[in-house]
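Visitor: Show me the model, please. I will ask what stands behind each word you use.

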Amino acid sequence: MKIYTKTGDGGQTGLPGGARVNKSDPICELLGEVDELNASIGSAIVDSEGSAVHTWLQKLQPALFELGSEISTGSGESLPKLADLTADMERWMDEHDAKMQPLKNFILPGGCRLAADLHVARTVCRRAERSIVRYSTNSQVDSAVLSFVNRLSDWLFMAARFANHEAGQPDIIWKRN
């Protein structure tokens with residue numbers, strides 16, 4: 001099987017279920033941003049070996065495929081998985097937040113390489129979240145999808161802080177110039 005199909009050469013693409021839409025359709029932009037988020041998490045996986053976040057990142061990549069599938073089909077099949085993972089992320093954040101210094105200031109993205117990767121993934125996640133919200137104004141999007149992506153950006157923030165904590169790197173406190 002060849003990697004190219006030529007079916008998109010006219011500016012359209014196929015969605016799960018067989019529908020064809022213009023590549024400029026908001027669903028394509030949204031799915032592209034979820035794909036970009038998945039790629040940024042893949043980049044973080046490279047730097048996460050040995051970290052407490054490594055296994056989590058490996059769980060999140062397939063979940064983002066579930067997210068894209070749910071958005072494009074609205075089947076409801078992925079909703080229980082996404083809801084369970086949302087609850088699991090909350091537990092992880094509570095557990096790991098207790099191991100770190102309380103956050104009393106705004107912090108700047110950065111620190112160790114893994115934390116920087118996770119902060120980039122967080123910003124991509126926020127952009128994807130904005131696209132999902134925009135898309136949901138005209139299309140049905142289950143609240144479990146919105147909760148998952150919102151919690152994921154929170155998790156990525158906490159994971160970045162925890163990566164710095166594991167590396168012995170303090171948070172970079174934002175100070176006015």
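Guide: Start with contact: two residues touch when heavy atoms lie within 4.5 Å. The model is predicted: local features need pLDDT of at least 70, side-chain atom pairs count only at pLDDT 80 or more, and totals for chains, interfaces and linings use all residues. Residues are numbered from 1 along each chain as its sequence is written, and side-chain values use heavy atoms, with hydrogens and water left out.

Visitor: Which residues does R122 touch, not counting those up to four places away in sequence?

Guide: R122 touches P109, S153, L156 and F157. The R122 and L37 C-alpha atoms are separated by 8.3 Å, although the two are 85 residues apart along the chain.

Visitor: What makes a stretch of chain a helix or a strand?

Guide: Both are DSSP runs, numbered from the N terminus: H or I over at least four residues for a helix, E over at least two for a strand. The chain has five helices and four strands. In sequence order the pattern is β-β-α-α-α-β-α-α-β. R122 has its place in helix α4.

Visitor: Why is R122 called buried?

Guide: Buried means under 20% relative accessible area (exposed is over 50%, partly exposed is in between; 1.4 Å probe, protein chains only). R122 has 18%, so it counts as buried.

Visitor: How do you know that S153 is buried?

Guide: Its relative accessible area is 1%. That is under 20%, so the word applies. S153 sits in helix α5. Beyond neighbours within four places in sequence, S153 is in contact with R122, C125, R126 and E129.

Visitor: And Y135: why is it called buried?

Guide: Y135 comes to 18%, under the 20% limit, so it is buried. Y135 belongs to helix α4. Leaving out residues up to four places away, it touches P26, I27, L30, I71 and V141.

Visitor: What puts S40 in the buried class?

Guide: A relative accessible area of 12% does, again under 20%. S40 lies in helix α1. Setting aside residues up to four places away, S40 touches A121 and V124. Over the whole chain of 177 residues, 41% count as buried.

Visitor: Why are W56 and W155 called an aromatic pair, and why tilted?

Guide: Rings of Phe, Tyr and Trp (its six-membered ring) pair if their centres lie within 6.5 Å; planes under 30 degrees apart are stacked, over 60 edge-to-face, the rest tilted. There are five such pairs. W56 and W155 have centres 5.6 Å apart, so they pair. Their planes stand 35 degrees apart, which is neither under 30 nor over 60, so the pair is tilted. W56 is in helix α2 (residues 54-73) and W155 in helix α5 (residues 143-166), so the pair ties together parts that are 99 residues apart in sequence. Both W56 and W155 are buried.

Visitor: Which residues do ring pairs link into a cluster?

Guide: W56, W92, W155 and F162.

Visitor: How do you know that a charge sits over the ring of W56?

Guide: The test asks for NZ of Lys or CZ of Arg within 6 Å of the ring centre and within 35 degrees of the ring normal. The charged end of K59 sits over the W56 ring, 4.3 Å from its centre. That distance is within 6 Å, so the distance part is met.

Visitor: What makes a set of residues a nonpolar core?

Guide: Its members are buried Ala, Val, Leu, Ile, Met, Phe, Trp, Tyr and Cys residues, joined through side-chain atoms within 4.5 Å. The largest here has 48 residues, with L60, L118, F148, L152 and W155 making the most contacts inside it. Helices α1 (26-47), α2, α3 (79-97), α4 (113-136) and α5 each supply at least two of its residues. The largest share, 12 residues, comes from α5. L118 reaches A44, V53, L57, L156, A159, A160 and A163, not counting neighbours within four places in sequence.

Visitor: At what angle do the axes of α2 and α3 cross?

Guide: Roughly 145 degrees, and the axes come within 10 Å. Axes are lines fitted to C-alpha atoms, for helices over the stretch in contact, with angles from 0 to 180 degrees between N-to-C directions. Residues that meet include W56, K59 and L60 in α2, and L79, K81 and W92 in α3.
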